[in-house]
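Q: Please take a close look at the aromatic ring pairs in this structure. I am new to it, so a plain account will do.

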Amino acid sequence: MLEKLKAHKPDLTMITFIALVVSLFFWKVVFLAKPISRICILGTRDVLFRQYFASVECGYDESLYLLLSPYYRLVAHYWRDLQLPLWNPYAGWGQPLLGDIQAMVFSPLVFLFSLNPTTSFFNILLVLEVFVAASGTYILSRHMKLDRCAALFASTSYAFCPYFLYFLELLPGKNAAFLPWIFWLFMRLSTGPSLKRAVICAFGCSVFIASGHPETSFIGVTFATLCMVINFALRKEALTGLRWTAIVASIALCLSAPVILPFLEFLLSSDCYKFAHAATVHPPVQAMILNLLQPMYWGASPYLGFLTLSLIALSFFVRGDKCNYVVAFLISSLAAFIGLCRPLFFGTLLDWTPASLVPGIYCAQVYLLQLAVLSAFGCGYFFDQLKVGKNKAFIVFLACLIITCFFPAVLNLCGFSFKSGNFDNGVKDMTFNSRVWLISLALSASVCFVFYLKSRNKIPQIVLCVVVIALSFCSQGLANRLSLPNQPVFDYDMNDPLPFLMKKGERVLPIGFDVLAPNTNEVFRIPAIGMHNVMQPARYKEFMASLGAKITTFNKVVDKLPLPKHVDYCGIRYVISLAPVYGEGDETPKPQEVDLKGGIYFEGSPEISLSYASVAYDNRKAEARGKLRFIISEGMESRFYFTPVVNDEKGTPVWFGGLMPVRKGRGRAEIKKTAADSDDVDLSALVPTKLKPGQKFYAGLQVVDSSNLKILKPITNQSGTTKIFGKVIVLSGYSFANPDLASNELHYRFVSESGPHHVRVYENTRTLGRAYLVFSSQLAASPEEALKVVSDKEFQGLSKVVLEGINHYPEQKMPVAREGISVPLGKVLPNRLEMDVTSPEAGYLVLTDTYFPGWKATLDGRPVEIVRANYLFRAVCVPKGAHHIVFSYEPTSFTIAILLFFAGAAVSVWLLWRGERP
């Protein structure tokens, strides 16, 4: 063992040097605890963290702060509490956690984070990932017989690639950090096949699959396997390569079964946007080619340094025992490029499931790693064999260097549209930068000069190596300094009302995207029905739509008022909002019409006028509500918005609402120019509780022209009673009264108001909570019928349940209507719920948690069937009397996966013990 360490001492020294380089590059993070994580962007989205608000120069992926970081926190909480992370009760009405492979439940990075689940350590983990990528690339290069300087060149090129750093914090970035190690394991197996290496390779694949994005995991393993098989084929041992592939695949599938099988079960029982072809992303060919020459996406550029093209060209001249490696990586990189950009007819060939469901951009990290290794082969040739003269290698090198320096500049002079390379809203547009061009010229000239000195024996070869690696590193620094810059210090502060909601543990409905943003609630373990994810349990999206949710590719958030009646039997106890909350049919004070005397007009905007307004003050909830009617010229339907405003007695605004369209609905339907035919829109405003009882305030509005983001100046008839405070139209004045915190007559009772943005919490007084008993049922023949019934305004969901898919459950019809009974929860764990129920009659216990395969129930210790209730939830039949009911999540997929894992582990141990070739 000591002899092996001594033999590898120079390589260990180089890896130590790489660790030093990474530490120095991120010295502020390592030594000063400065953050590089972009989760601070949450402050631009969620008012609960608005103290971290900072302007963002370009687009960004919401998963940076709504998916990965919350998952890290949630899974770490499970492990620290010695709970198996199987079920996530905090997203929507619950969904699988282990089945969502993006949660990375068994990832080594998450295990490390569990030891110290803090934001500062999260930043350290990002630096650690860079070192993992750099050291893996170095070891991969050394295994393929590259000298240490060339291996160091590959290491820095890949690990400090701006694209790699920019996407490091996203799920594919986690795979990218481990990707070089997977290639090393497969190439190691191809050069010296043995059962021991096959088992280690399979174990590495299982760790790789558990450590990031499912699609990038599949792509990484596929291309690493392709390189291995090509290497076997070049030695005329293709069948041998396929046999070893089968051995590795069999063991890896068994070892990774605890991740793969629950994921497949979730996939089969879910809705996912990737089932739609429109979601795939394939960057244009010109984007990938031009960014190899210069960093044209700035901090997100797939750029490996200014020598990339020249060194890849030199790799074609490599001969000897390295040639097979070069050929394998050339073929594999060409395949990755086709999968990435899908040029020419390949787009049509690959437009088949499942290839059509995989975004081409997921091949980018594999492509960049392969190019970095090919560059290293060319770098080794440059250091050892390239000679000044008329030989082909030297001519090709100079030609490629000239193309690198001048081709982008020539395109710019010819008026080429660099924006044709845009494909991702999360990064800046592709542009040509003359400053970067001049620096590239200077660096190219420096390399030529140093190479000339070396050819004249003026400097030793080690100086040439150091200078070339340093200059290439500096060229990447033009862009990668923008990839992970230091960010504002951020933490998930326990701002109000988060402690209150955590303590209650009840299900919460956030209104809109601006408060308790989706998945942020998982950090604080607050059950909230919003979600940011590409996958969600089947029927969740349709049920959210019935609640008035706004649904995008990733986000599902309710932002529509009034709330429908079936909110009451969804288990939603609290509503958190920046605007007044009310339900369909709720009683409110009668609005009083405002005397506008001919209407309100706006200076410089004859296309719009306010013709009617009414407003009322509800002192029980400290809210002002009413109706507005605008007259809009035809074709101006989407141009104007209004903002509710509350002013104090001095005319100073004390509350602003969000921008609201001046007409209902969407589209460009014709609008007649008469007040009677115009649309009425709702006006609702919060009256801040910081006002003192009896203090005078005014409810009003501002009108905004969206074409220039200008607040319009109102003009009123002098004979009217309407006042104007600056650009605010004052509709009515009132005296403030403290809201009623104890009334059970209100549907949504005011609970609290906190923060400078007046974040409000309302309690739904009509809900029966997360679990309740009902004594009347109705059978639905189809999911569509069930959703129609439960969404109907006349459905009495607090006393009746809609059941599906049952034949032997009796339909309960009570002779006298009986209201439902709330059932308090007993022991509540993520994967298990216990409760004691006393039922006056035979009925159904409805649990407002997602109906999903794997959940089992017992009644007094005896198994009982769980049936689908109210379209999305669960129910069990409960006889009359006192009973103890337990719900537990025991998915069959995980049980089978554990058996496969131990089987794979046993076979692995046996193969290691056998230690022979098949």
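A: A residue counts as buried when its relative accessible area is under 20%, and as exposed when that area is over 50%. The model is a predicted one. By that cut-off, Tyr-163 and Phe-167 are both buried. Their rings belong to the 49 aromatic pairs that the structure holds. In this pair the ring centres are 4.6 Å apart and the planes meet at 45°, a tilted arrangement.

A second pair is made by Phe-337 and Tyr-367, with 5.6 Å between the ring centres and 40° between the planes, so this pair is tilted. It links distant parts of the chain, since its members are 30 residues apart. Phe-337 sits in helix H17 (residues 323-341), while Tyr-367 sits in helix H19 (residues 364-384). Phe-337 has a relative accessible area of 14%, so it is buried. For Tyr-367 the value is 7%, and therefore this residue is buried too.

Ring pairs can also join into a cluster, as with Phe-49, Tyr-52, Phe-490, Tyr-492 and Phe-524.

As for the setting of these rings, the protein has 918 residues, and 57% of them are buried. Its secondary structure comprises 27 helices and 36 strands. Of the contacts with a separation of 6 or more, 74% are between residues 24 or more positions apart. The radius of gyration is 32 Å, which agrees with the value near 29 Å that a compact globule of 918 residues would have. Along the principal axes, the C-alpha trace spans about 95 × 75 × 50 Å.

Terms used:
Residues are numbered from 1 along each chain as its sequence is written. This is a predicted model: local features need pLDDT of at least 70, side-chain atom pairs count only at pLDDT 80 or more; totals for chains, interfaces and linings use all residues. Side-chain values use heavy atoms; hydrogens and water are left out. Helices (H or I, at least four residues) and strands (E, at least two) are DSSP runs, numbered from the N terminus. The radius of gyration is taken over C-alpha atoms; the globule rule is 2.2 Å times the number of residues to the power 0.38. Buried means under 20% relative accessible area, exposed over 50%, partly exposed in between (1.4 Å probe, protein chains only). Contact means heavy atoms within 4.5 Å. Rings of Phe, Tyr and Trp (its six-membered ring) pair if their centres lie within 6.5 Å; planes under 30 degrees apart count as stacked, over 60 as edge-to-face and the rest as tilted.
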